[in-house]
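Thanks for coming, everyone. Please look at the sequence and the structure on the screen, and I'll walk you through a few places.

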Amino acid sequence: MHQSSPRHLDGNALAGPLSEIFAVDPTTAWRLCPTCRMPYTVAQLHVYGPQPGLTARCPGCSAIALRLVRQPEHLWLQLGDSGGSFRFTLP
């Protein structure tokens, strides 16, 4: 059966909601570690770096929560320890 409209929206649908999230203080954001199930805020992460970037680990089990790498024109953000990163173009 052919559908006349797609079953999903493209990533532009996230522009509004993500601008609300990233416009606030990120250190107050909560995360539940998928490994040890400990809840914590970004401010409680254990951060290592600075080169080649910052690696933030769960304060309970040391699982990777995020990686952040800054280049002259880009900022790379990886959530969790699996592959896949977001690249932001810096102004």
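One definition to begin. Buried means under 20% relative accessible area, exposed means over 50%, and partly exposed is in between, with a 1.4 Å probe and protein chains only. Now the ground rules. This is a predicted model, where local features need pLDDT of at least 70, side-chain atom pairs count only at pLDDT 80 or more, and totals for chains, interfaces and linings use all residues. Residues are numbered from 1 along each chain as its sequence is written, and side-chain values use heavy atoms, with hydrogens and water left out.

Apply the definition to serine 62. At 39% relative accessibility, serine 62 counts as partly exposed. Serine 62 sits in the loop between strand 4 and strand 5. Helices (H or I, at least four residues) and strands (E, at least two) are DSSP runs, numbered from the N terminus. Look at the backbone too. Serine 62 is not a glycine, yet its phi is positive, about 70°.

Arginine 37 also has a positive phi in a residue other than glycine, near 70°. Find arginine 37 in the loop between strand 1 and strand 2, which is 39-41. Is arginine 37 buried or exposed? Arginine 37 is exposed, because its relative accessible area is 53%, and the cut-off for exposed is over 50%.

Next, the cysteines. Cysteine 36 is in the loop between strand 1 and strand 2. Cysteine 61 is in the loop between strand 4 and strand 5. Along the chain, cysteine 36 and cysteine 61 are 25 residues apart, but 6.3 Å separates their C-alpha atoms. Both loops show some surface here: cysteine 36 is partly exposed at 33% relative accessibility, and cysteine 61 is partly exposed at 31%.

What does each one touch? Contact means heavy atoms within 4.5 Å. Leaving out neighbours within four places in sequence, cysteine 36 contacts Cys58, Gly60 and Cys61. With the same kind of neighbours left out, cysteine 61 touches Cys33, Thr35 and Cys36. For scale, cysteine 61 and isoleucine 21 are 40 residues apart along the chain, with 26 Å between their C-alpha atoms.

On to the core. A nonpolar core is a set of buried Ala, Val, Leu, Ile, Met, Phe, Trp, Tyr and Cys residues joined through side-chain atoms within 4.5 Å. Which residues make up the largest nonpolar core? There are seven: Cys33, Tyr40, Leu45, Ala56, Cys58, Ala63 and Ala65. Take leucine 45. Beyond four places in sequence, leucine 45 touches Tyr40, Ala56, Arg57, Cys58, Pro59, Ala65 and Leu66.

Now strand 4. Threonine 55 lies in it. Threonine 55 counts as buried because its relative accessibility is 18%. Past four places in sequence, the contacts of threonine 55 are His46, Val47, Tyr48, Ile64, Leu66 and Arg67.

Strand 6 holds glutamine 78. Buried or exposed, this glutamine 78? Glutamine 78 counts as buried, because its relative accessibility is 12%. The side chain of glutamine 78 reaches the backbone oxygen of serine 82 at 2.3 Å. Beyond four places in sequence, glutamine 78 is in contact with Ala65, Leu66, Arg67, Gly83, Gly84 and Ser85.

Contrast proline 72. Proline 72 is in the loop between strand 5 and strand 6. Proline 72 is exposed, with a relative accessible area of 81%. Proline 72 and threonine 89 are 17 residues apart in sequence and 9.5 Å apart in space, C-alpha to C-alpha.

Two more prolines. The peptide bond from glycine 49 to proline 50 is cis, with omega near 15°. Another cis peptide bond joins glutamine 51 and proline 52, with omega about 0°. Proline 50 lies in the loop between strand 3, which is 46-48, and strand 4. Proline 52 lies in the loop between strand 3 and strand 4 as well.

That's the tour. Questions, please.

How values were computed: Polar contact = N/O pair within 3.5 Å; in protein donor to acceptor, adjacent residues only side chain to side chain.
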